[in-house]
Amino acid sequence: MSLIRYFILLLTLLVILVVSIAGLRGCKTKRPPIEIFPDMVRQPKVKAQVPSGFFADGRGSREPVAGTVPVGYSEPVKPSAASSNGAVMSGPYEVVIFSGKEGYADTGKNGTNWGNGLPFNATMATLERGRERYQIQCAVCHGDTGAGNGIATKYGLVGVANLHQQRLREMTDGEIYNTIANGKNTMLGYGSVIQVPDRWAIVAYVRALQRSQNATINDVPAAERAALQGTNAASTPAQP
Amino acid sequence: MSNFFPRWANWLPLQLLVCGLIVGAPITLGVWYYFTPKYTRVGYQPDQPVPFSHALHVKQLGMDCRYCHSFVEVAGHSNLPSTQTCINCHGEGKILSNSPRLAPVRESWKTGQPIPWVQIHRLPDYAYFNHAVHVNRGVSCYSCHGAVNEMSVVYEAESLSMKWCLDCHRSPENFLRPPSEIFNMDWHPSSAAEQRELGTRFKEEWKVNPPVNCGGCHR
């Protein structure tokens, strides 16, 4: 009987030992996950952004060859006149050809001069898309309204442009596009993370922001005007 | 003829059985508890070359996931940001541009060699997974990666086991969320019933029909 007792004692100690070494489920650990059944779990193939011993510099992802066009490179199509009734801004171009980084849609330039207008008809959806992209990529520095007061400026980033200054209100669409794509002054280019149609959508949204900050009561649809003036009068706080 | 077996041998089968149970039960329990990604994967929290805090950048500064993981909506792979993304704010003369903790970022920017981030979430190479198709159809970052916005150091929050995948593929209505809240890590349904109701609606509206056959993922 005492043999069994020793046996159980030993087993208990063993369990305690295992638990104290291996820990419990979900414990934070720096130890890479054990792969218990490693059959073909790791295959000698290159996946995105992983190292590879095949190349001298150890990088699996290679630098693109000059002139490479990325996969999924989309070309916005100018909607037909009938479907573009929601357009708030229209481009002067009948057909959009993304020209391997030479035409207006890719460079913002006609020949050597900055162009104006979007290379496709902007609809409400374009503006919504522009707002979304603006808030993801631009608002961090330029702020939600474009006043140049994004969160990064509170942490010491200086020289962020206020998008409502006269110079930027008068800047051509093509030059704004180029600034998004290639950067300007201390701003690095965002062309590598914002796709071409989205850059134009952001241009459209920036125009909307600029307009909103300089709007007069006459820009408000007549039906809304009375309500707005009513609330304005009622809610305007007394100036100290 | 005398008895071939001594008298105590009568108890031997029972004793063997009891010992077998006493030894077998902890082994079975141990394998059940430890031989699963719930133990082997969950909680993996390696040191990164740069102590980047998601809690600071997402929770405190309010940055969107897609500022850095910029192609998650259009690519199968959710990209790590290039060094330039860090340099946008932490470049020379910008925020914390002399911090020793950002030295690997500056080094990478100078040499063009990538920062050797340590991958945490790794599916087996025989499982196909596409980020874009999930985030575009109502599966939030949160569902698979946990509350990354509250992690100072990222760790693996979910097991990523096959059973775990199938839990959602079989009943996506328990997880789908409004398209506007995919990247909002703080959005949570107020109740399981609300989740079920929303999820069922989205499942129908978007015709979400996740594959549960082998070839869906092991293609």
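Helices are DSSP runs of H or I with at least four residues, numbered from the N terminus. That is the sense of "helix" in these exercises on a predicted model.

**Exercise 1. Follow helix H10 of chain B and step off its end.**

Task: Check the length of H10(B), sort its residues by burial, and describe B:Lys207, the residue with a positive phi that follows the helix.

Solution.
- Step 1. H10(B) runs over residues 192-205, which is 14 residues. At 1.5 Å a residue it should span 20 Å, and its end C-alpha atoms are 20 Å apart, so the two agree.
- Step 2. Find the buried residues. They are B:Gly199, B:Phe202 and B:Lys203.
- Step 3. Ask where these sit around the axis. They cover an arc of only 100°, so they are on the same side of H10(B).
- Step 4. Turn to the other side of H10(B). There, B:Ala193, B:Glu194, B:Glu204 and B:Glu205 are exposed.
- Step 5. Leave the helix. B:Lys207 follows H10(B), with a positive phi near 50°. B:Lys207 is in the loop between H10 and helix H11 (214-217) of chain B.
- Step 6. Decide on burial. A residue is exposed if 12 or fewer other C-beta atoms lie within 10 Å of its own. B:Lys207 has 8, so it is exposed.
- Step 7. Judge the angle. Most residues other than glycine have a negative phi. B:Lys207 is not a glycine, yet its phi is positive.

**Exercise 2. Look for positive phi values in chain A.**

Task: Locate A:Asn185 and state whether it is buried or exposed.

Solution.
- Step 1. A:Asn185 lies in the loop between strand S3 (183-184) and strand S4 (187-188) of chain A.
- Step 2. Its phi is near 50°, which is positive in a residue other than glycine.
- Step 3. A:Asn185 has 9 C-beta neighbours inside 10 Å, so it counts as exposed.
- Step 4. Add a glycine to the picture. A:Gly23 follows H1(A) and has a positive phi near 75°.

**Exercise 3. Describe the fold of chain A and its helix H1.**

Task: Give the elements of chain A in order, then say how many residues of H1(A) are buried.

Solution.
- Step 1. Chain A has seven helices and four strands. Along the sequence the pattern is α-α-β-β-α-α-α-β-β-α-α.
- Step 2. Chain A has 240 residues, and 21% of them count as buried.
- Step 3. Take its contacts with a separation of 6 or more. Residues 24 or more positions apart make 55% of these.
- Step 4. Now H1(A), residues 2-22. Its 21 residues reach 30 Å from first C-alpha to last, close to the 30 Å expected.
- Step 5. Count its buried residues. The number is zero, so H1(A) lies largely in the open.

**Exercise 4. Find the largest nonpolar core.**

Task: Name the elements that supply this core and the one with the largest share.

Solution.
- Step 1. The largest nonpolar core has 35 residues. A:Ile202, A:Val203, A:Ala204, A:Tyr205 and A:Val206 have the most contacts inside it.
- Step 2. Two or more residues each come from H3 (124-142), H5 (173-182) and H6 (196-213) of chain A, and from H4 (65-68) and H8 (141-145) of chain B.
- Step 3. H6(A) gives the largest share, eight residues.
- Step 4. Zoom in on A:Ile202. Beyond its neighbours within four places in sequence, its contacts are A:Gly130, A:Arg133, A:Tyr134, A:Cys138, A:Ile180 and A:Ile194.
- Step 5. Another core, of seven residues, lies apart from the largest one. B:Val72, B:Val139, B:Phe175 and B:Leu176 are among its members.

**Exercise 5. Map where the parts meet.**

Task: Describe the contact between chains A and B, then the domains of chain B.

Solution.
- Step 1. Chain B brings 39 residues to the contact and chain A brings 36 residues.
- Step 2. On the chain B side, two or more residues each come from H1, H2 (37-40), H4 and H5 (83-90). H1(B) gives the most, five residues.
- Step 3. Sort that side by class. It has 21 nonpolar, 11 polar and seven charged residues.
- Step 4. Divide chain B. Domain 1 is 15-44, and domain 2 is 54-80 + 117-217. Their centres are 31 Å apart, taken over C-alpha atoms.
- Step 5. Count the domain contact in chain B. Domain 1 gives seven residues and domain 2 gives eight residues. The domain 1 side divides into three nonpolar, two polar and two charged residues.

Technical notes:
Residues are numbered from 1 along each chain as its sequence is written. Chains are lettered from A and ligands numbered from 1 in the order in which they are written. This is a predicted model: local features need pLDDT of at least 70, side-chain atom pairs count only at pLDDT 80 or more; totals for chains, interfaces and linings use all residues. Domain bounds come from an automatic or database domain assignment. Two residues are in contact if their C-beta atoms, placed from the backbone, lie within 7 Å. Ala, Val, Leu, Ile, Met, Phe, Trp, Tyr, Cys and Pro count as nonpolar, Asp, Glu, Lys and Arg as charged, and the others, Gly among them, as polar. The expected span of a helix is 1.5 Å times one less than its number of residues. A residue is buried if 20 or more other C-beta atoms lie within 10 Å of its own, exposed if 12 or fewer, and partly exposed in between; C-beta atoms are placed from the backbone. The arc is that of the directions from the helix axis to the C-beta atoms. A nonpolar core is a set of buried Ala, Val, Leu, Ile, Met, Phe, Trp, Tyr and Cys residues joined through C-beta atoms within 7 Å.
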